[in-house]
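Biologist: I am new to this one and would like to know how its descriptions are earned. Could we go through them together, step by step?

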Amino acid sequence: MAFVTAALCMPVTASAAPAGFHVSGGKLYESNGNEFVMRGVNHAHTWYQQQTGSFADIKALGANTVRVVLASGQRWTKNDTADVANVVSLCKQNKLICVLEVHDTTGYGEQSGAATLAQAVDYWLSVKSALAGQEKYVIVNIGNEPYGNQGYQTWASDTSTAIQRLRAGGFTHTIMVDAPNWGQDWTFTMRDNAAQVFESDPDRNTVFSIHMYGVFDTAAEINDYLTRFRTAGLPIVVGEFGHDHSDGNPDEDTILATTRSMGIGYLGWSWSGNGGGVEYLDMVTNFDPAQLTTWGQRLFNGTDGIKATSREATVYGGGTPDPDPEPGACTASYHVVGQWQDGFQGEVTVTNRQATTIDGWQVRWTFPSGQRVTNMWHATPTQTGADVVAANASYNPRIPAGGSVTIGFTASWSGTNTDPTTFALNTTTCTAA
């Protein structure tokens with residue numbers, strides 16, 4: 001496969017710090033510094049503009065984010081500035097983060113009449129007045145699945161140019177970019193060029209979106225793809241996925257479990273109104289939240305689903321999700337078991353001090369002296385710079401009330417081996433044991 005390495009046509013220049021959502025260390029944060037993990041669904045607004053009640057219904061089932069389908073006018077009737085402003089208002093009224101996407105780009109190069117990324121940027125610039133000042137509430141997804149399986153080799157340069165045009169046009173929002181190959185990146189074009197594209201953003205405020213359908217039908221494929229982004233310190237979300245599809249049977253259980261363990265956002269496809277033979281992807285029948293489908297039940301109410309893992313954005317006053325402990329409800333201790341030249345073995349023990357069981361956990365700490373984890377047991381590690389996230393293994397997701405979990409690891413060190421002092425269990429900072 002050929003990858004695009006040509007110089008980009010627009011210079012990268014520094015710009016103002018983002019006023020709302022922003023990326024740091026491969027994660028998405030709100031303007032106040034709180035990490036935000038998307039838990040939501042896609043809603044086909046452009047084709048069902050009368051279904052404005054869907055925003056409240058999606059929120060009522062626990063979502064913190066809705067990805068809204070808009071049209072730029074190439075394939076479907078353009079959503080004008082007034083309508084975009086109304087969508088943003090509906091999101092805010094219902095305390096949802098809005099991911100707005102242009103759908104006309106879907107399958108460009110293979111789909112007749114599809115819009116280019118350049119045309120999508122033209123659209124965003126035309127509706128800018130509806131989005132100015134909404135950086136705390138809105139993420140701009142430039143174009144849905146912007147290439148099919150032809151012509152995708154220019155994805156990196158075209159995406160970088162699109163990002164830079166939006167920045168030059170005054171957009172300081174977090175930008176989301178979709179993978180080519182109908183969003184599934186089976187050629188690994190996005191994966192292998194993501195670092196280049198991220199660096200081309202003057203604000204370094206771009207999030208990558210993979211769509212997981214038939215290409216992602218095994219746990220190995222899902223884990224490998226997401227782990228590569230985490231290891232590289234690049235932000236990734238699963239922007240679309242389903243429980244079944246015409247191109248194969250995606251492994252939705254692994255998608256949900258892995259995104260939960262890695263702290264990665266997801267947005268299921270889709271609320272209601274699917275046609276063309278994929279009606280099985282509806283989460284509710286006829287836009288009625290009282291008629292959850294099998295897929296809707298799985299996504300909203302199942303293990304690692306929205307209800308169990310969603311946390312409302314703090315810009316709306318959101319707090320900790322039900323599975324997480326209350327503040328002060330955990331203790332942590334750190335112990336160096338043994339040390340040798342350039343390496344050591346350590347343990348972290350965290351105790352659940354709340355009155356209920358925690359189902360699904362991550363323990364977080366920051367090494368103060370450049371230490372790097374080389375191996376870990378009883379948890380799965382992810383390290384970005386000095387920040388370590390140890391997520392539960394498949395066999396130990398639950399910490400009962402009063403129970404503990406001990407994580408063992410080996411790590412490298414150089415110069416000094418200073419102990420970390422602050423530990424968190426999911427979103428709660430623990431007190432020292």
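Modeller: Gladly! Let us begin with a cut-off: a residue is called buried when its relative accessible area is under 20%. Please keep in mind that this is a predicted model.

Biologist: Which residues of α5 are buried by that rule?

Modeller: In α5, the residues that fall under 20% are W155, A156, S157, T159, S160, T161, A162, I163, Q164, L166 and R167.

Biologist: What makes α5 "largely enclosed"?

Modeller: The count does. Of the 14 residues in α5, 11 are buried, so the helix is largely enclosed by the rest of the structure. The cover over those buried residues includes α3 (117–126), β7 (175–178), α6 (189–200) and β8 (206–212).

Biologist: How do you know what span to expect of helix α5?

Modeller: The expected span is 1.5 Å times one less than the number of residues. Helix α5 covers residues 155–168, and its 20 Å from first C-alpha to last is close to the 20 Å expected. Just after α5, G170 has a positive phi of about 100°.

Biologist: Why is strand β3 described as largely enclosed?

Modeller: Here 5 of the 5 residues of β3 (residues 39–43) are buried, so the strand earns that description.

Biologist: What makes β3 a partner of β10 and of β4?

Modeller: Two strands pair if there are at least two bridges between them. β3 has 3 bridges to β10 (residues 265–268), and these strands run parallel. With β4 (residues 65–70), β3 has 4 bridges, again in the parallel sense. Both pairs therefore meet the requirement of at least two. G40 is a good place to look: its bridge partner in β10 is L267, and in β4 it stands opposite T65.

Biologist: Which strands form the open sheet, and why are β17 and β24 said to stand at its edges?

Modeller: The 5 strands follow the order β17-β21-β14-β13-β24, with mixed pairing. β17 (372–377) and β24 (431–432) each have a single partner strand, so one side of each lacks a neighbour in the sheet. Within this sheet, β13 (residues 330–340) and β14 (residues 343–352) are joined by 10 bridges in the antiparallel sense. One of the bridges links W340 to G343 in β14.

Biologist: Now the empty spaces. What makes a space a cavity?

Modeller: A 1.4 Å probe fits inside a cavity but cannot get out, whereas a pocket is open. The structure has 4 cavities of 30 Å³ or more. The largest has a volume of about 120 Å³. Its lining has 15 residues, with L28, F36, I236, V237 and G265 closest to the centre. Both β2 (27–29) and β9 (236–241) give at least two residues to that lining.

Biologist: How is the lining of the largest cavity divided by class?

Modeller: The lining of the largest cavity has 9 nonpolar, 3 polar and 3 charged residues. For the second largest cavity, with a volume of about 60 Å³, the lining has 2 nonpolar, 4 polar and 5 charged residues. Among the residues lining this second cavity are K27, E35, R230 and D387.

Biologist: And which residues lie nearest the centre of the second largest pocket?

Modeller: They are H103, T106, E145, W182 and H245, from a lining of 27 residues. The volume of this pocket is about 480 Å³, and its lining has 11 nonpolar, 12 polar and 4 charged residues.

Terms used: Residues numbered from 1 in each chain as written. Predicted model: local features only at pLDDT ≥ 70, side-chain atom pairs only at ≥ 80, totals over all residues. Heavy atoms only, no water. 1 Å grid on protein atoms, 1.4 Å probe; cavity = no way out; pocket = protein on both sides within 12 Å on 5 of 7 lines; lining within 4 Å. Points joined across faces, edges and corners; volume = space filled by probe spheres on them. Nonpolar A, V, L, I, M, F, W, Y, C, P; charged D, E, K, R; others polar. Buried < 20%, exposed > 50% of the residue type's maximum accessible area, 1.4 Å probe, protein only. Contact = heavy atoms within 4.5 Å.
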